[in-house]
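I opened a new notebook page for this chain. The plan is to look up a handful of local features and write down what turns up.

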Amino acid sequence: MIEIGAGGGALTRLLLERGASRVIACELDLLWTLELRRRIADPRLAPVTADGCDLRYERTPATTRIAGNLPYNAATRIILAVLERARVGVRSAFLVQREVADRLTASPGESEYGGLSVLVAARASARRLAIVRPGSFVPPPAVTSAFVGFERTAPPVDEAEWSGFANFVRTAFRQRRKTLVNNFRPSVGRLAAEAALSALDLPSTARAESLGVSEFVALFREINI
């Protein structure tokens, strides 16, 4: 197990009690790392002082499980780091702000669907597992949280193309109210954007929120010929 944001060890204890063979507990705060060592004297525990975005997830086997109660201001960065580096088959689950969970798991046509939704769907099967109300925390936060699960899948583009594909998706959602043609016009020109859409039998009035991952990949290939 890799736990991100171990803090005082509440989840860490449960992971060990449930039989984890090893728990790498990542914590950004050195003082909390030292406190975790003091609180839990278990040889299976390996506290690490590090940013969850910087861990070498690609070095862990596919049987690794990753979990954490993520800080709201870093949740998206950490989840994308996990999904971009972890091996196919790795499963993870994170507690995040409900609004973030909605964006992570949204489908085409839903109001929460955006660039983040596409990039997550391109690398993982994601689903919301549970809603966690403010009263579950001490002290209770001002927001509702949600538990989201992921299973890493093979991306539809080569790793060497991933950065370009991610930028392509972000460009498509640059201004949600604009059509894809208008969002891509500054970079490829109106005629090229319209031709790419036509080649895929998509209307020139199509907007990013109507396209699924496979359509984004096809459009990426068409525009980047």
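The entries below follow the order in which I looked things up.

**Entry 1: the model**

I note first that this is a predicted model.

**Entry 2: cysteines**

I searched the whole structure for disulfides and found zero. I then asked why Cys-26 has no bond to Cys-53. The sulfur of Cys-26 lies 9.2 Å from that of Cys-53, its closest cysteine sulfur, and that is too far for a bond. The cut-off I needed here is 2.5 Å between the sulfur atoms. From the other side, Cys-53 is in no disulfide either, with Cys-26 holding the nearest cysteine sulfur.

I checked exposure for both. Cys-26 is buried at 2% relative accessible area. Cys-53 is buried too, at 7%.

**Entry 3: helix α6 against helix α7**

I took α6 as residues 159–172 and α7 as residues 180–188. Their axes come within 8 Å and cross at roughly 125°. That crossing makes α6 oblique to α7.

Which residues meet here? From α6 I listed Phe-168, Thr-171 and Ala-172. From α7 I listed Leu-180, Asn-183 and Phe-184. By type, the contact has four nonpolar residues, two polar and no charged.

**Entry 4: backbone oddities**

I went through the backbone angles next. Most residues other than glycine have a negative phi, and most peptide bonds are trans.

Where is the cis peptide bond? It runs from Val-138 to Pro-139, with omega near -5°. Pro-139 sits in the loop between β6 (124–132) and β7 (145–152).

Asp-201 has a positive phi, near 60°, without being a glycine. I placed Asp-201 in the loop between α8 (190–199) and α9 (213–223). Is Asp-201 buried or exposed? Asp-201 counts as exposed, at 72% relative accessibility.

**Entry 5: salt bridges**

Side chains of opposite charge can pair when their charged atoms come close. How many salt bridges does the structure hold? I found nine. I wrote up some of them.

- Glu-58 with Arg-56: the side chains meet at 2.6 Å, N to O. Glu-58 is partly exposed at 29% relative accessibility. Arg-56 is partly exposed at 46%.
- Asp-102 with Arg-128: the N to O distance is 3.3 Å. This pair links distant parts of the chain, with Asp-102 in helix α4 (residues 98–105) and Arg-128 in strand β6, 26 residues apart. Arg-128 is partly exposed at 39% relative accessibility.
- Glu-161 with Arg-221: the N to O distance is 2.6 Å. Here the pair links helix α6, holding Glu-161, to helix α9, holding Arg-221, across 60 residues. Glu-161 is partly exposed, with a relative accessible area of 25%. Arg-221 is partly exposed as well, at 36%.

I also noted a network: Glu-35, Arg-38 and Arg-39 are joined by salt bridges that share partners.

**Entry 6: helix α4**

Asp-102 brought me back to α4. Which residues of α4 are buried? I listed Val-100, Ala-101, Asp-102 and Leu-104. So Asp-102, a salt-bridge partner of Arg-128, counts as buried, with under 20% relative accessible area.

I then looked for what covers the buried residues of α4. The cover includes two helices, α3 (75–85) and α5 (115–121). It also includes the strands β5 (91–97), β6 and β7. Strand β6 is also where Arg-128 sits.

**Entry 7: Leu-211**

My last stop was the loop between α8 and α9, where Leu-211 is found. Asp-201 is in that loop as well. Leu-211 is buried, at 1% relative accessible area, whereas Asp-201 is exposed.

What does Leu-211 touch, leaving aside its neighbours within four places in sequence? I listed Pro-108, Tyr-113, Leu-180, Leu-202, Phe-216 and Leu-219. Leu-180 was already in my notes, as one of the α7 residues that meet α6.

I checked the Pro-108 pair separately. Leu-211 and Pro-108 are 103 residues apart in sequence. In space, their C-alpha atoms are 6.1 Å apart.

Key. Residues are numbered from 1 along each chain as its sequence is written. This is a predicted model: local features need pLDDT of at least 70, side-chain atom pairs count only at pLDDT 80 or more; totals for chains, interfaces and linings use all residues. Side-chain values use heavy atoms; hydrogens and water are left out. Buried means under 20% relative accessible area, exposed over 50%, partly exposed in between (1.4 Å probe, protein chains only). Axes are lines fitted to C-alpha atoms, for helices over the stretch in contact, and angles run from 0 to 180 degrees between N-to-C directions. Helices (H or I, at least four residues) and strands (E, at least two) are DSSP runs, numbered from the N terminus. Angles under 35 degrees count as roughly parallel, over 145 as roughly antiparallel, 65 to 115 as roughly perpendicular and the rest as oblique. Contact means heavy atoms within 4.5 Å. Ala, Val, Leu, Ile, Met, Phe, Trp, Tyr, Cys and Pro count as nonpolar, Asp, Glu, Lys and Arg as charged, and the others, Gly among them, as polar. A salt bridge is a side-chain nitrogen of Lys or Arg within 4 Å of a carboxyl oxygen of Asp or Glu.
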